[in-house]
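Here is a guided walk through one protein model, meant for someone meeting it for the first time. Please keep the sequence and the 3D view open as you read.

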Amino acid sequence: MSIELPKEVRSRAIGSIERWFKENADEPIGNIQAEALLNFFIAEIGPSIYNRAIAEAQASLQQRVAELDIECHAEEFGHWRRGGRQR
């Protein structure tokens with residue numbers, strides 16, 4: 001599965017990479033190099049981040065489903081436990 005970023009997000013990410021290099025590295029990085037680095041990170045690390053996010057979403061949904069079972073459970077055949085016969 002290929003991870004695609006919207007154009008605006010890609011542009012901002014590339015700008016952020018360029019700024020990081022400008023402020024933290026000995027040499028600045030050009031726009032084309034920053035885009036290549038972003039593409040590498042998306043291809044190499046992106047799937048790990050995506051898989052982790054999916055696993056967390058699944059765990060959260062499973063927890064909510066378990067809570068739903070408790071919240072929506074209706075007692076069955078409870079007449080006799082409430083005191084038996086009622087007239």
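Let us begin with Glu35, a residue that is partly exposed, with a relative accessible area of 31% in this predicted model. Glu35 has a partner: Arg10 forms a salt bridge with it, and the closest N and O atoms are 3.5 Å apart. Side chains of opposite charge can pair when their charged atoms come close. Arg10 sits in helix 1 and Glu35 in helix 2, so this pair ties together parts that are 25 residues apart in sequence. Is Arg10 buried or exposed? Its relative accessibility is 18%, so Arg10 counts as buried, because buried means under 20%.

The total by the rule used here is 5 salt bridges. Another of them links Arg19 with Glu23, where the closest N and O atoms are 2.8 Å apart. These two residues are 4 residues apart in helix 1, so about one helical turn separates them. Arg19 is exposed, at a relative accessible area of 54%, and Glu23 is exposed too, at 53%.

Helix 3, which covers residues 46-71, holds a further example. There Glu67 forms a salt bridge with Arg64, with 2.7 Å between the closest N and O atoms. Both residues lie in helix 3, 3 residues apart, which is about one turn of the helix. Glu67 is partly exposed, with a relative accessible area of 28%, and Arg64 is partly exposed, with 49%.

Now turn to the inside. Which residues make up the largest nonpolar core? There are 6 in all: Ile14, Ile17, Ile29, Ala34, Leu38 and Ile42. Helix 1 (7-24) and helix 2 (31-44) each supply at least two residues of this core. Helix 2 gives the most, with 3 residues. Ala34 is a good place to look at the packing: leaving aside its neighbours within four places in sequence, Ala34 is in contact with Ile14, Ile17, Glu18 and Ile29.

Glu18 leads us on to the loop between helix 1 and helix 2, where Pro28 lies. Pro28 and Glu18 are 10 residues apart in sequence, and their C-alpha atoms are 6.9 Å apart in space. At 63% relative accessibility, Pro28 counts as exposed, because exposed means over 50%.

Next come the rings. How many aromatic pairs are there? By the rule used here the count is 2. Trp20 and Phe21 form an edge-to-face pair, with 5.3 Å from centre to centre and 80° between the planes. Phe21 is partly exposed, with a relative accessible area of 23%. The rings of Phe40 and Phe41 have centres 5.9 Å apart and planes at 50°, so this pair is tilted. Phe40 counts as partly exposed at 45% relative accessibility, and Phe41 is partly exposed with a relative accessible area of 37%.

Phe40 and Phe41 also take us out to the surface. Together with Ile45 and Ile49, they make a nonpolar surface patch of about 380 Å². Ile49 lies in helix 3, and at 57% relative accessibility Ile49 counts as exposed.

To retrace the route, we started at the salt bridge between Arg10 and Glu35, passed through the core that includes Ala34, and ended at the patch that includes Ile49.

How values were computed
Residues numbered from 1 in each chain as written. Predicted model: local features only at pLDDT ≥ 70, side-chain atom pairs only at ≥ 80, totals over all residues. Heavy atoms only, no water. Core = buried A, V, L, I, M, F, W, Y, C linked by side-chain atoms within 4.5 Å. Buried < 20%, exposed > 50% of the residue type's maximum accessible area, 1.4 Å probe, protein only. Contact = heavy atoms within 4.5 Å. Phe/Tyr/Trp six-rings, centres within 6.5 Å; stacked < 30°, edge-to-face > 60°. Patch = residues over 30% accessible without salt bridge, like charges linked within 9 Å, V, L, I, M, F, W, Y side chains within 5 Å. Areas by Shrake-Rupley, 256 points an atom, 1.4 Å probe, with all protein chains shown as cover. Salt bridge = Lys/Arg side-chain N within 4 Å of Asp/Glu carboxyl O.
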